[in-house]
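User: Please take a close look at one part of this model, the contact between the two chains. Then set that contact in its surroundings.

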Amino acid sequence: MLELHNMEYSYPGADRAALVDVSLRLEKGECLGLLGANGAGKTTVLSLIAGLLQPDSGQVVCPGSGNIGLVPQTLAFHTRLSVQENLELFADLYRLKGPRRQQRMQRMIEATRLEGLLKRRAGQLSGGQQRRLNVAIGLLQPAELYLLDEATVGIDSLNRHHVLQAVRELINEGETVIYTSHYLPEIEQVADRVLLLAEGRVQLDAPLHMQQPKRVYIRWPVQMPLAIERFMNTHATQWQHAADGLLQAELADEASWPQLLRLLAEQDDAPLHLEYRQPGLEELYLRASGGQL
Amino acid sequence: MRLLALMRTEWRLAWRDPHAMGVLFVMPALFVLIMAHAMSGIIRTDLPPLQLAVEVPVSSPASEFFLAALQAQLPDSSLQSDDPVVDARIRLPDDFDDKLLDTPHQGPTLSFAAASDTLQRARIRNAVILALAQTRLAAFLLDSGLLDEREPLSSRLQHVQEQTESRLPEYQILSSGSLAASANAGQLSVPAWLIFGMFFIVLPMSSRLQQEFQSGILLRLRVIRLAPLLLLVGKLLPYSLLNLIQFAALLALGCFILPLTGLPALELHGSWQAYVLLAMCITLASCSFGVLISALARSSEQALLLSAGSNLMLAALGGIMVPKSMMPAAMQQLAELSPMGWSQDAFLTLLVGQGSVADILPACGSLLLFALVCALTGTFLLRHRLRNTLWTSQN
């Protein structure tokens with residue numbers, strides 16, 4: 001559906017490359033969560049995909065019509081037009097006609113809960129309502145690929161829920177989406193895969209819901225008992241004891257977990273915190289980005 | 001479909017922008033009314049009555065004749081004003097009667113009030129000279145027996161007036177170029193502020209485009225591969241139509257509203273085709289200038305400063321604020337550099353010179369050339385800028 005091959009890009013006059021050897025492959029119906037700190041290269045990737053920039057080297061392969069639906073971070077509509085007039089304008093610009101036009105407009109209005117606001121001037125809407133209109137205009141376009149850049153920034157949780165639901169519906173219908181956000185729970189909610197960028201390089205490209213090995217999380221009141229550390233040396237494939245007192249470990253096999261429980265029960269003190277679960281996106285992100293969020 | 005959608009949107013946005021409407025219609029209309037009244041004090045076709053005090057130390061038939069002749073020259077003015085502040089005092093000499101036929105002749109003494117202007121002084125001086133000449137002619141005719149002393153004063157005056165006055169056939173020479181000197185207040189003010197208002201189309205045009213750059217609307221349009229030329233045409237056509245409406249509305253103000261305020265109505269001489277041609281040339285020049293300013297400005301603040309600043313400069317240079325006829329020769333030459341000056345010249349050619357389409361062709365040619373240069377430069381710069389519109393909000 002969309003392939004980026006070894007893309008390199010430097011902005012004119014910049015002292016370092018914005019992107020270095022970035023490759024990715026996105027299948028139809030897939031949603032990619034694009035993550036990275038400010039300046040990591042997310043916007044550059046989106047700009048190259050949208051054709052706003054040409055790579056210095058490498059290639060973007062986007063088969064089909066090449067139509068891209070865009071939801072920029074800024075509110076890209078006319079504030080002196082009503083919600084209906086804005087949607088009509090962009091429907092004309094997207095060359096939507098006839099029943100398909102009506103059907104698509106109706107669908108976006110319903111998905112973004114704008115039914116009761118159609119006659120209102122866009123400039124008179126609340127911040128959350130304006131965000132919903134911004135998303136509706138972007139998703140109104142029949143496209144091969146949708147790019148959503150911080151689509152929910154600055155809005156309350158209810159409005160965020162509405163926007164994410166609209167995006168999720170789009171993905172469920174087989175549309176392909178690249179979604180950037182600083183809110184990791186949002187990415188977990190909509191994305192199938194994550195691509196983490198740091199300083200223009202891909203740090204992580206992984207399916208979000210793959211079976212990550214379970215990890216043990218233990219926090220001890222004062223000093224971690226030596227017996228526990230010895231246990232980890234023999235039963236964990238990797239483990240670390242962070243400065244904040246939290247011990248994280250990946251056990252070699254699940255059978256070690258009951259042994260660990262028995263060992264913990266033999267100790268004089270009880271642990272403050274004990275978990276055995278798959279790591280979340282935030283932990284993956286922090287680990288891959290070296291702590292930058 | 002896309003072009004129609006863009007035009008419809010631009011049209012709606014312009015009419016819903018109260019600032020744009022204020023700048024395009026309210027501001028020039030107010031300027032027309034205020035400046036036409038202000039100019040009417042300087043450029044008058046009906047001269048105001050004067051307050052004079054004629055002092056006659058020794059009354060005589062000759063002094064009575066002089067007073068009657070002077071009153072005939074200044075029919076609305078008062079010669080024996082009780083007002084303590086008069087425009088001038090005219091004192092006849094004690095021996096006025098005796099020395100009328102002397103050569104050289106010593107006439108009455110004129111004392112002007114400090115506030116009386118050059119025009120008033122010249123008017124009084126001319127009236128006194130003519131009345132004095134008629135009085136002296138009457139004395140000569142009496143002395144020669146050609147005028148009967150027993151005739152009533154009015155009859156004698158009429159006789160002398162017939163001897164001294166000639167019919168002067170007057171014709172208006174159709175002309176073009178700088179005719180500001182012979183225009184009245186309405187003929188100067190209406191076109192001047194109409195042109196100024198039309199060129200102010202630059203302000204909403206450039207401000208809107210900056211907002212679209214900053215909001216990300218143009219980014220959206222770029223991603224859907226909308227041709228920059230289509231975008232420009234979609235903006236230019238509605239603003240051109242708005243310019244033409246301004247032209248018609250402000251001319252109508254001059255023709256129908258100005259007389260209600262006590263000033264003469266603007267009379268539209270010449271063919272309607274000439275006015276249509278002129279309206280289209282000014283529209284093309286102002287909208288193309290708008291494209292150039294839109295391309296040069298990098299923010300709404302810059303758009304405001306560049307639009308207002310350049311318009312004020314062109315207006316000051318082009319004889320909009322001060323008529324060219326009141327400028328020194330060097331400034332009048334500078335005025336030839338301003339498209340507002342060319343527009344004003346063409347307007348006066350029609351209104352004052354009663355010119356035709358052919359007479360305004362040179363001015364229209366200059367306006368079209370200006371439009372072409374602005375449009376080409378502006379389009380080139382805008383295309384470049386649109387091509388470099390990046391994802392971020394700051395472009």
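The reply below starts at the contact and works outward through each chain.

Analyst: A caution comes before the details. This is a predicted model.

Start with the contact itself. Chain A contributes 40 residues and chain B contributes 31 residues. Together the two chains bury about 2900 Å². Carbon and sulfur atoms account for 63% of that buried area. On the chain A side, three residues stand out: Leu52(A), Arg80(A) and Leu93(A). They supply 26% of the area that chain A buries against chain B, more than any other three residues.

Charge also crosses the contact. Side chains of opposite charge can pair when their charged atoms come close. The count between chain A and chain B is 4 salt bridges. One pair joins Asp92(A) to Arg8(B), with the closest N and O atoms 2.9 Å apart. Asp92(A) and Arg8(B) also belong to a network of salt bridges, together with Glu88(A) and Arg101(A). Over all chains, the salt bridge count comes to 23.

Now step back to chain A as a whole. Chain A has 9 helices and 13 strands. Its C-alpha trace spans about 75 × 45 × 30 Å along the principal axes. The domain assignment gives domain 1, residues 2–207, and domain 2, residues 215–277. The centres of these two domains of chain A, taken over C-alpha atoms, are 42 Å apart. Of the 293 residues in chain A, 51% are buried. Consider the contacts in chain A with a separation of 6 or more: residues 24 or more positions apart account for 69% of them. Chain A exposes about 13200 Å², and carbon and sulfur atoms supply 47% of this area.

Two salt bridges within chain A deserve a look. The first is between Arg25(A) and Glu27(A), with 2.7 Å between the closest N and O atoms. Arg25(A) has a relative accessible area of 44%, so it counts as partly exposed. Glu27(A) is partly exposed because its relative accessible area is 36%. The second is between Glu30(A) and Arg193(A), at 3.3 Å from N to O. This pair links distant parts of the chain, 163 residues apart. Glu30(A) sits in the loop between strand S2 (19–26) and strand S3 (31–36) of chain A. Arg193(A) sits in strand S8 (residues 193–198) of chain A. Both Glu30(A) and Arg193(A) are buried.

Turn to chain B. Here Asp148(B) and Arg150(B) form a salt bridge, 3.2 Å from N to O. Asp148(B) is partly exposed, with a relative accessible area of 31%. Arg150(B) has 73% relative accessibility, so it counts as exposed.

Next come two buried positions in helices of chain B. Thr135(B) lies in helix H4, residues 118–143. Its relative accessibility is 2%, so Thr135(B) counts as buried. Leaving aside residues up to four places away in sequence, Thr135(B) touches Ala62(B), Phe65(B), Phe66(B), Phe96(B) and Leu100(B). Ala185(B) lies in helix H6 of chain B, which covers residues 185–199. At 6% relative accessibility, Ala185(B) is buried too, because the cut-off is under 20%. Ala185(B) and Ala36(B) are 149 residues apart along the chain, yet their C-alpha atoms are separated by 5.2 Å.

Finish on the surface of chain B. A nonpolar patch of about 660 Å² is made by Trp15(B), Leu241(B), Leu244(B), Ile245(B), Trp272(B), Val276(B) and Met280(B). Two helices of chain B, H9 (228–257) and H10 (272–296), each supply at least two residues of this patch. Leu244(B) is in helix H9 of chain B. Its relative accessibility is 33%, so Leu244(B) counts as partly exposed.

In short, the contact pairs a buried area that is 63% on carbon and sulfur atoms with 4 salt bridges between chain A and chain B. Asp92(A) and Arg8(B) form one of the salt bridges and take part in the network with Glu88(A) and Arg101(A).

Methods
Residues numbered from 1 in each chain as written. Chains lettered and ligands numbered in written order. Predicted model: local features only at pLDDT ≥ 70, side-chain atom pairs only at ≥ 80, totals over all residues. Heavy atoms only, no water. Patch = residues over 30% accessible without salt bridge, like charges linked within 9 Å, V, L, I, M, F, W, Y side chains within 5 Å. Areas by Shrake-Rupley, 256 points an atom, 1.4 Å probe, with all protein chains shown as cover. Salt bridge = Lys/Arg side-chain N within 4 Å of Asp/Glu carboxyl O. Helix = DSSP H or I, 4+ residues; strand = E, 2+ residues; numbered from the N terminus. Buried < 20%, exposed > 50% of the residue type's maximum accessible area, 1.4 Å probe, protein only. Domains from an automatic or database assignment. Contact = heavy atoms within 4.5 Å. Buried area = accessible area lost by both parts, 1.4 Å probe.
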